Amino acid sequence: MRVVVDGVSKTFRDKKGKEVTALSQIDFAINKEEFVVLVGPSGCGKSTLLNIVGGLLSPTEGGVYFEGLSAKQDDPRLGIVFQEIALFPWRTVIDNIAFGLEEMGVGKKERLEKAKVYLDMVGLTGFEQAYPKQLSGGMRQRAGIARALAIEPDLLLMDEPFSALDAQTRTLMQEELLTIWSRTRLSTLYVTHNISEAVYLADRVVVLSRHPGRIKEIIPIDLPKAGRDSEEFRVPFDDYVKQIWNLIRQEAEDALKEG
Ligand SMILES: Nc1ncnc2c1ncn2[C@@H]1O[C@H](COP(=O)(O)OP(=O)(O)OP(=O)(O)O)[C@@H](O)[C@H]1O
Ligand SMILES: [Mg+2]
């Protein structure tokens, strides 16, 4: 499936009733089997844009179109992963992963079988019957990813899914996500603050600027997905990181001053 974001703008009213333009005239596409990463300074509208693509917010102008849905389908199936995964504390891990399938009316046997496939895929084998509070932060995040994948979405949306994790866990999760993505090849929109993470994961990086959020540049990452972080590609990898940082540095500093 291909997702087209067409002329999307979004205006909010702040507490005093003043209009704030969060996004202005955003045009880009997420192609079939493409991993697109959104980066930009704090407050530039990344989450707003992801929520609009996910249908959780409506744009003030423009629209989001999904091309290549099967004839039977009116709406795309979306898998969404947020920074803080909200697992149901009273459900076991396997039942949390199966939740979306249950909502879709999939029978018990089939949904548990499917949930098990994704539980194994994210490396939680053996934790089927554990409860969320018994898991580490990284494991909970894996369970959340498995839950999003289990519904076999047309599009995966992830908003800073690893930013609450410690640095080592985060690195491992990035590697794992890449492995999972290589298997599923899902069209993905991924939001991060972390530029190295963006270069590591992306087919293309969409750099947003702020006030109002606009597309500053779209940068294709022309490196193989596997082994991108190896010594062989260290120089071009670092060049991409520098290029993107130079695009957002000034605005990131401004965002910091404004608090
Ligand atoms: N519900 C809302 N009501 C009013 N203003 C909002 C609302 N949601 C977002 N905004 C404003 O829209 C702008 C974009 O916010 P958004 O959360 O999308 O940015 P972001 O890039 O995700 O930021 P961060 O990197 O901090 O997560 C900000 O100026 C924010 O204050
Ligand atoms: Mg955000």
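**From an exposed arginine to a ligand**

Let's start with Arginine 185, which is exposed because 12 other C-beta atoms lie within 10 Å of its own. The cut-offs work like this: 20 or more other C-beta atoms within 10 Å make a residue buried, 12 or fewer make it exposed, and anything in between is partly exposed, with the C-beta atoms placed from the backbone. Before we go on, note that this is a predicted model, in which local features need pLDDT of at least 70 and side-chain atom pairs count only at pLDDT 80 or more, while totals for chains, interfaces and linings use all residues. Residues are numbered from 1 along each chain as its sequence is written, and chains are lettered from A and ligands numbered from 1 in the order in which they are written.

Arginine 185 sits in the loop between α6 and β7 (187-191). Those labels come from DSSP runs numbered from the N terminus: helices are H or I runs of at least four residues, and strands are E runs of at least two. Arginine 185 also has a positive phi of about 50°, although it isn't a glycine. Most residues other than glycine have a negative phi, and most peptide bonds are trans.

Glutamate 152 does a similar thing: its phi is positive too, at about 50°, and it is not a glycine either. You'll find glutamate 152 in the loop between α5 and β6. Is glutamate 152 exposed, partly exposed or buried? With 14 other C-beta atoms within 10 Å, glutamate 152 is partly exposed. And for a cis peptide bond, look at the one from histidine 211 to proline 212, where omega is near -10°. Proline 212 is in the loop between β8 (204-209) and β9 (214-220).

Now step back from glutamate 152 into the helix that it follows, α5. How far apart should the ends of α5 (residues 137-150) be? At 1.5 Å a residue, its 14 residues should span 20 Å, and the end C-alpha atoms are indeed 20 Å apart, so the two agree. (The expected span is 1.5 Å times one less than the number of residues.) Helix α5 is mostly covered, with 11 of its 14 residues buried. Among them are Arg140, Ile145, Leu149 and Ala150. What do these buried residues pack against? Their partners are β5 (78-81), α2 (93-97), α3 (99-103), α4 (108-121), β6 (155-159) and α6 (167-184). Contact here is when the C-beta atoms of two residues, placed from the backbone, lie within 7 Å.

One of the residues in strand β5 is leucine 78. Leucine 78 is partly exposed, since 18 other C-beta atoms lie within 10 Å. Leaving out residues up to four places away in sequence, leucine 78 touches Gly54, Pro153, Leu155 and Leu157. Its C-alpha atom is 15 Å from that of tryptophan 181, a residue 103 places away along the chain.

Next, head to the start of the chain. Strand β1 (residues 2-13) and strand β2 (residues 19-30) pair in the antiparallel sense over 8 bridges; two strands pair if DSSP finds at least two bridges between them. Threonine 11 stands opposite threonine 21 in β2, and valine 8 has isoleucine 26 in β2 as its bridge partner. The two strands make a hairpin with 5 residues between them, and glycine 17 in the turn has a positive phi of about 85°.

The hairpin belongs to an open sheet of 3 strands, in the order β2-β1-β4 with antiparallel pairing. Strands β2 and β4 (61-67) are at the edges with a single partner strand each, so one side of each is left without a neighbour in the sheet. On average, neighbouring strands here are turned by 15° against each other, direction ignored.

Helix α1 (residues 46-53) lies across β1, β2 and β4, running at about 125° to β1. Such angles run from 0 to 180 degrees between N-to-C directions of axes, which are lines fitted to C-alpha atoms, for helices over the stretch in contact. In α1, 6 of the 8 residues are buried, including Lys46, Thr48 and Leu49. Just past α1, glycine 55 takes a positive phi of about 75°.

Which part of the chain gives the largest share of the shell around ligand 1? Helix α1 does, with 3 residues. Of the 13 residues around ligand 1, Phe12, Ala22, Lys46, Ser47 and Thr48 come nearest; a residue counts as near if its C-beta atom, placed from the backbone, lies within 6 Å of the molecule.
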